[in-house]
Amino acid sequence: MVDRVIATPATLELIELLKQQYGPALMFHQSGGCCDNSSPNCYLPTDLSIGPYDIQLGHIGDVPFYISASQYEYWKHSQLIIDVIAGHGGTFSLEGNTGKSFLTRSRLFSDAEWAELQAAGVV
């Protein structure tokens, strides 16, 4: 089955750096656009509470990735591709002091991929 969220090699490299710095227990949450724009933020599990209206899309670099249910409604037809760019991103995400920031790119699922996700009951 197609993954709903994937990571570029640069993202996986930055995740490994963050694991070395902060430990292996990390998590991602796709920001809804308030303070940190619409960016994927990396947190320690103690820094953000996952609630009943958050959906786990999958894992990137063995780290769980969540999105709010309301935002998921806008993105559910798309595969999220988590990438890294040079520059400072949001102030809440752990990569803030690295000179890099996580960025969400996306692509629409093909009809076959969408049918597969529907058949699996994950959309």
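Phe-28, Phe-65 and Phe-102 form one aromatic cluster in the chain. The model in which this cluster appears is a predicted one. The count of aromatic pairs comes to three. One of them joins Phe-28 and Phe-102 in an edge-to-face arrangement, with ring centres 5.0 Å apart and an angle of 80° between the planes. This pair links distant parts of the chain, since Phe-28 belongs to strand β2 (residues 27–30) and Phe-102 to strand β7 (residues 100–108), 74 residues apart. Both Phe-28 and Phe-102 are buried.

The overall fold provides the setting for these contacts. Three helices and seven strands make up the secondary structure of the chain. Along the sequence, these elements follow the order β-α-β-β-β-β-α-β-β-α. The radius of gyration is 14 Å, in agreement with the value near 14 Å that a compact globule of 123 residues would have. Along the principal axes, the C-alpha atoms fill a box of roughly 40 × 30 × 25 Å. Of the 123 residues, 41% count as buried. Among contacts between residues at least 6 apart in sequence, 60% join residues at least 24 apart.

The surface and the charges were also examined. The chain exposes about 6,600 Å², and carbon and sulfur atoms supply 54% of this area. There are 6 positive and 13 negative charges, and the mean positions of the two sets are 3 Å apart.

Several residues around helix α1 and the loop that follows illustrate how separate segments are arranged. Gln-21 lies in helix α1, which spans residues 9–22. With a relative accessible area of 45%, Gln-21 is partly exposed. Its C-alpha atom is 9.7 Å from that of Leu-94, although Gln-21 and Leu-94 are 73 residues apart in sequence. Gly-23 is found in the loop between α1 and β2. The relative accessibility of Gly-23 is 18%, and this residue therefore counts as buried, the limit for burial being under 20%. Between the C-alpha atoms of Gly-23 and Leu-44 the separation is 8.7 Å, at a distance of 21 residues along the chain.

Leu-44 itself is located in the loop between β3 (40–43) and β4 (54–60). At 22% relative accessibility, Leu-44 counts as partly exposed. When residues up to four places away in sequence are not counted, Leu-44 touches Tyr-22, Ala-25, Leu-26, Met-27 and Leu-94. Leu-94 thus appears both among the contacts of Leu-44 and as the residue whose C-alpha atom is 9.7 Å from that of Gln-21. By contrast, the C-alpha atoms of Leu-44 and Arg-107 are separated by 28 Å, with these positions 63 residues apart along the chain.

A further link to the N-terminal part of the sequence involves Thr-98, in the loop between β6 (78–86) and β7. Thr-98 has a relative accessibility of 24% and is classed as partly exposed. Leaving aside neighbours within four places in sequence, Thr-98 is in contact with Leu-14 and Leu-17. The C-alpha atom of Thr-98 is also 9.3 Å from that of Leu-18, a residue 80 places away along the chain.

Strand β5 and the loop before the strand present two residues with opposite accessibility classes. Ser-68 lies in strand β5, which covers residues 63–68. At 19% relative accessibility, Ser-68 counts as buried. Apart from residues up to four places away in sequence, Ser-68 touches His-29, Tyr-53 and Asp-54. Asp-62, in turn, is found in the loop between β4 and β5. The relative accessibility of Asp-62 is 69%, and the residue counts as exposed. The backbone of Asp-62 has a phi angle near 65°, a positive value in a residue other than glycine.

Conventions: Residues are numbered from 1 along each chain as its sequence is written. This is a predicted model: local features need pLDDT of at least 70, side-chain atom pairs count only at pLDDT 80 or more; totals for chains, interfaces and linings use all residues. Side-chain values use heavy atoms; hydrogens and water are left out. Helices (H or I, at least four residues) and strands (E, at least two) are DSSP runs, numbered from the N terminus. The radius of gyration is taken over C-alpha atoms; the globule rule is 2.2 Å times the number of residues to the power 0.38. Buried means under 20% relative accessible area, exposed over 50%, partly exposed in between (1.4 Å probe, protein chains only). Contact means heavy atoms within 4.5 Å. Accessible areas come from the Shrake-Rupley method with a 1.4 Å probe; for residues, only the protein chains shown count as cover. Lys and Arg count as positive and Asp and Glu as negative; His and the chain ends are not counted. The place of a charge is taken as NZ of Lys, CZ of Arg, CG of Asp or CD of Glu. Rings of Phe, Tyr and Trp (its six-membered ring) pair if their centres lie within 6.5 Å; planes under 30 degrees apart count as stacked, over 60 as edge-to-face and the rest as tilted.
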